[in-house]
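Here are my notes on the model you sent. Please read them with the structure open beside you.

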Amino acid sequence: MGIVQPEVMNCSAPIDVLFLLDGSYSIGKGNFERSKYLAIKLCDALDTSPERARVGAIQFSSTPCLEFPLDAYFTKREIKDKLKKIAFKGGRTETGLALKYVLRKGFSGGRNSSIPQILIVLTDGRSQGNVAIPVKQLKERGITVFAVGINFPRWEELHALASEPSEWHLLFAEDVDDAANGLYTTLTGSAVCNATFPGCMANSYPCERKTLERTRKLVGNYFCWKGSKSNDAVQTSLCPFYNWRNNLITHPSRCYRTTCPDPCGSQPCQNGGTCIQEGLEGYHCICPVGFGGDNNCAPKLSLECSMDLLFLVDSSSTTTLEGFLRYKAFLKRFLQAIWSTESPGSVGIAQYSNDVKMAARVGEHQEVLGLMKAIDSMQFTGGNTLTGKALHYVIQHGFKSASFSADIPDDLPRVVILLTNSNAEDSVVEAAKYTRDQGIFLIGIGSELLRAELERITRNPKWTISYSTPQDLYNKITELQRKICSIGSQGCPSQPLDLVFALDSSASVGKRGFAQLKAFVSSLLLQFHINRDVTQIGLVVFGKRPHTLFGLDTHITSSSLYEAVNQAPFLGGSASVGSSLLHVYDALMTVQKGARPGVKKIVVLITSGAGVEDAIVPAQHLRNNDISLLVIGIEPVETKSLMRIVGSLNNLFRISSYKDLKDSADIIIERICDEAKRPVSPCRPNPCMNNGVCVSENGSYQCQCSGWKGPHCENKIQRGDTSQLQMHPAIIGAQRKRRGWRRFYRT
């Protein structure tokens, strides 16, 4: 249910409505404009016509003035235009005189006494005259009086103005839609307007009336001049001094408003769509780009990757019938959005609690209609949440029918998508490990409260989808499609990258820890496509001194890289991270050492946290030359020290132990790939040798040389060769910036 807006209300009855607008100085011009705006909004709740609702207006201050009678305008547009043009007059707040004017002149342009007469007074309740007698006479004539408070009104006077019961006839202009609803509610409640909408009802709820009271507080008594009776004496005395303060006062009350079923209350628009109400029952969705597959902003998606998918749905008692039905609805929406008979791959569906039931074996149905029928056939079973048992079952039996169609290959990646809202009651972690060992990927979907459980199952937050509210679950369709299609993707497949690993090989790491570092790096290397056009990888190990194992252009195959990493020696001794970063820049990130101009360069530093004190300046120098630095710190490590090196929390990874490195591999690769997409300059770091100056030209570059020649200033000009001795203007400034930061580390 929602409070109905004035645009969809329509009091279609013969009534005469007269607005009495306070135009005094106590209201002020700004609040007078607010009064006019409210009067315009109140007209939205009226069906104006010569036979039905008629509207007129009077402005009052020192004297009342008829702005327009009830028979002057009959359409909402004409009435609103006239209300907008009423000019603020200013003056005293003579509310009593205005009421007497209404008593004397009546409802000018109105009809006979059989037509209900409604007087709507918009004021701050700070009248400078008596209002009790004239308002009593108005009510005795059968005129219904609504009192609308403007700004911070004096509610005692408004209560005296309003008809009984006053809670039904008191409105506050602070919320115009609420005030319009209050008017409509009272009119329908008093049978003046008896055309209420089906399903709508008037309800009461606690509300507050706000006002300001100005109070004074004695500060103290101070000497003040009282004048003098003679020329040579001054008469003084103690005078009280006060501070004035505005105090916000709230008066508890009850408000009566009409509520109707809200078609947008269930948030029918998915994926960030905006719901626009149409009447009391209809709505339409304004969908963001990429959505609009149906009226509720379903994604315009396709799977776009070849996979065998098996959805495993929790049907246990803890998930509840409501949760189980929600997962069924999510499955239907997801498959309707992304699946078709042309989709590569196959789909299977199973449910579980104590036992597992296959609703559709993988590949049994290729058409969406067959999958929908399979989902509809699933019945809630209740029982225990034996997730581990269910995983074992679907791994052994769920994918056996992966090739009902001869057109679908039977060697596609296999993915189990677990939808659960319950903590497992058996050994699910071991079962999940068994699943991964069989080469099957796991994606977990559950509520935010189950995030920790899902991450234990998937072993990686990247493969976990959590939702905050039931409606939020349906907004995860695009995220699930993206995660499915990211499975099996190799490194940064289309992004050229020069990647250097710097491994801590000091005594603080130890031989065993260093062996685990090498194993971790080896596993990362397998995720990248190694060749001179895509990804080049170099490796530096360091203790007190750095040592290059291989440069960026040394190995062009994954197998040779893997062997070279395994041969990296343990150095021992103390660690100097600063020297290693300086070495990486000088010995690996230059053109003559295999680095490629215009290709993103990233250094991944893995450290125990020892010896980082000298690394701040070299790390900043890397960043100044567009070389990204990612730091992996093994606990216990001081985050503050590493933050001074890495510069951004996004590029810092804290790992609890060496053996847990492998669980962070996907996150680290994802971060590497994000950095690889950043724009680069072909002149940073400088590809020109021998103090040559790099000049960027249309995405490429040119080296301006002094005393040298060649594409990178690599060949010295021999005596007598004066063809290339010209000096580029930028050389002088560039040559002055090269050496100072290096000296400390080379001593």
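**Notes on the predicted model**

1. Start at Asp 16, which stands opposite Gln 117 in β5. The model is predicted. The strands involved are β2 and β5 (residues 117–123), which run parallel and are joined by 6 bridges. Asp 16 has a partner on another strand too: Arg 54 in β3 stands opposite Asp 16. That pairing of β2 with β3 (residues 53–60) is also parallel, and it spans 8 bridges.

2. How does the chain get from β2 to β3? Helix α1 (residues 28–43) carries the crossing, and this β-α-β crossover is right-handed.

3. Is strand β2 buried or exposed? Strand β2 covers residues 15–22, and 8 of the 8 are buried, so the rest of the structure largely encloses the strand. In a regular strand, side chains alternate between the two faces of the sheet. Here both faces are covered. One side presents Ile 15, Val 17, Phe 19 and Leu 21, all buried. The other side presents Asp 16, Leu 18, Leu 20 and Asp 22, and these are buried as well. Note that Asp 16 and Asp 22 belong to that buried set.

4. Now the salt bridges. There are 22 in the structure. Side chains of opposite charge can pair when their charged atoms come close. Take Asp 44 and Lys 80: their closest N and O atoms are 2.6 Å apart. Asp 44 sits in the loop between α1 and β3, while Lys 80 belongs to helix α2 (residues 76–84), so the salt bridge ties together parts 36 residues apart in sequence. Asp 44 counts as buried, because its relative accessibility is 10% and the cut-off for buried is under 20%.

5. A second pair to check is Lys 332 with Asp 376. Their side chains meet in a salt bridge at 2.8 Å, N to O. Lys 332 lies in helix α8 (residues 320–338) and Asp 376 in helix α9 (residues 368–376), so this pair ties together parts that are 44 residues apart in sequence. Both ends are partly exposed: Lys 332 has a relative accessible area of 24%, and Asp 376 has 40%.

6. A third pair is Lys 476 with Asp 472. The N to O distance in this salt bridge is 3.9 Å, and the cut-off is within 4 Å. Lys 476 is buried at 16% relative accessibility. Asp 472 is buried, also at 16%. Which residues join these two in a network? Glu 479 and Lys 483 do, through salt bridges that share partners.

7. Strand β16 (residues 440–447) deserves a look. Of its 8 residues, 7 are buried, so the rest of the structure largely encloses the strand. β15 and β16 run parallel, joined by 6 bridges. Within this pair, Val 416 stands opposite Leu 442 in β16. The chain passes from β15 through α11 to β16, and that β-α-β crossover is right-handed.

8. β16 also pairs with strand β17 (residues 464–467). That pairing is parallel, over 4 bridges. Ile 445 stands opposite Ile 465 in β17. Together, β16, helix α12 (residues 451–458) and β17 form a β-α-β unit, and this unit is right-handed.

9. Look next at the loop between β15 (414–419) and α11 (428–437), where Thr 420 is placed. Thr 420 is buried, with a relative accessible area of 2%. How far is Thr 420 from Gly 323 in sequence and in space? They are 97 residues apart along the chain, and their C-alpha atoms are 8.7 Å apart.

10. On the surface, find the nonpolar patch made by Leu 218, Tyr 242 and Trp 244. Its area is about 320 Å². Trp 244 is part of strand β9 (residues 235–260). At 47% relative accessibility, this Trp 244 counts as partly exposed.

11. Finally, the annotation. An unreviewed UniProt entry places the feature "domain: EGF-like" at residues 261–298 and 679–714. In the model, residues 679–714 are 0% helix and 33% strand. The end C-alpha atoms of that span lie 27 Å apart.

Note on methods. Residues numbered from 1 in each chain as written. Predicted model: local features only at pLDDT ≥ 70, side-chain atom pairs only at ≥ 80, totals over all residues. Heavy atoms only, no water. Buried < 20%, exposed > 50% of the residue type's maximum accessible area, 1.4 Å probe, protein only. Helix = DSSP H or I, 4+ residues; strand = E, 2+ residues; numbered from the N terminus. Pairing = 2+ DSSP bridges. Right-handed = clockwise from strand over helix to strand, strands pointing away. Patch = residues over 30% accessible without salt bridge, like charges linked within 9 Å, V, L, I, M, F, W, Y side chains within 5 Å. Areas by Shrake-Rupley, 256 points an atom, 1.4 Å probe, with all protein chains shown as cover. UniProt positions renumbered as here; feature names shortened; annotations may be inferred.
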